[in-house]
Amino acid sequence: MTKAELISAVAAGAGLKKVEAEKAVGAFIATVTAALKKGDKLSLVGFGTFSTAKRAARKGQNPQTGKKINIPAATVPKFKAGKTLKEAVNSKK
């Protein structure tokens, strides 16, 4: 599903115009991004939890040239699915 398809689905599901749904989806993405930038954790009960994790610096290798490279430390976003979402995805219906 693309962002445009998500916006259409939100508009249909919530009875909104596509412009309103686009603003809502954009605001949700911006809010999650801002929370993660601050280092906060965002939990949506039943859906899942957005958080960040620190990834240590490490050595890597360029697969094309075989040259050794240094990969710097980074903070990366994480998502852990909630129980309700897991059950919905794994249901046999």
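Q: Is S51 buried or exposed?
A: Let's start in this predicted model with strand β2, residues 48–55, where S51 is found. Buried means a relative accessible area under 20%. The value for S51 is 14%, so S51 is buried.

Q: Which residues does S51 touch, not counting residues up to four places away in sequence?
A: S51 sits in strand β2, and its relative accessible area of 14% makes it buried. Contact here means heavy atoms within 4.5 Å. With residues up to four places away in sequence left out, the residues that S51 touches are L36, K41, V76, P77 and K78.

Q: What pattern does the protein follow when read along the sequence?
A: Happily, this one is quick to lay out: the protein has three helices and five strands. Helix α2 covers residues 18–37, strand β2 covers residues 48–55, and strand β4 covers residues 68–71. Read along the sequence, the pattern is α-α-β-β-β-β-β-α.

Q: Why does the protein count as more spread out than a compact globule, and what is its radius of gyration?
A: With three helices and five strands in the protein, the next step is a look at its overall extent. For 93 residues the globule rule gives 12 Å, and the protein is well over that, so it is more spread out than a compact globule; its radius of gyration is 18 Å.

Q: What box do the C-alpha atoms of the protein fill, roughly, along the principal axes?
A: Two points in the loop between β3 and β4 and beyond give a feel for the distances: T65 is found in that loop, and its C-alpha atom is separated by 41 Å from that of G82, 17 residues along the chain. Taken along the principal axes, the box filled by the C-alpha atoms is roughly 55 × 35 × 30 Å.

Q: What percentage of the 93 residues count as buried?
A: To count as buried, a residue needs a relative accessible area under 20%. S51, at 14%, is buried, while T65, at 58% relative accessibility, counts as exposed. Over the 93 residues of the protein, the buried share is 15%.

Q: Which residue forms a salt bridge with K38?
A: Side chains of opposite charge can pair when their charged atoms come close. The structure holds one salt bridge. K38 counts as exposed at 65% relative accessibility, and its partner counts as partly exposed at 35%. The closest N and O atoms of the pair are 3.6 Å apart, and the partner of K38 is D40.

Q: How far apart are the mean positions of the positive and negative charges of the protein?
A: The protein has 19 positive and 5 negative charges. Each set has its own mean position, and the separation of the two is 14 Å.

Q: How far apart in space are K37 and E5, C-alpha to C-alpha?
A: K37 is found in helix α2, residues 18–37. With a relative accessible area of 75%, K37 is exposed. K37 and E5 are 32 residues apart in sequence, and their C-alpha to C-alpha distance is 27 Å.

Q: Which residues is I69 in contact with, leaving aside its neighbours within four places in sequence?
A: I69 is found in strand β4 and counts as partly exposed at 37% relative accessibility. Its C-alpha atom is separated by 8.7 Å from that of R58, eleven residues away along the chain. Leaving aside neighbours within four places in sequence, the contacts of I69 are R58, K59, G60 and Q61.

Definitions and conventions:
Residues numbered from 1 in each chain as written. Predicted model: local features only at pLDDT ≥ 70, side-chain atom pairs only at ≥ 80, totals over all residues. Heavy atoms only, no water. Helix = DSSP H or I, 4+ residues; strand = E, 2+ residues; numbered from the N terminus. Rg over C-alpha atoms; globule rule 2.2 N^0.38 Å. Buried < 20%, exposed > 50% of the residue type's maximum accessible area, 1.4 Å probe, protein only. Lys, Arg positive; Asp, Glu negative; His and termini not counted. Charge placed at Lys NZ, Arg CZ, Asp CG, Glu CD. Salt bridge = Lys/Arg side-chain N within 4 Å of Asp/Glu carboxyl O.
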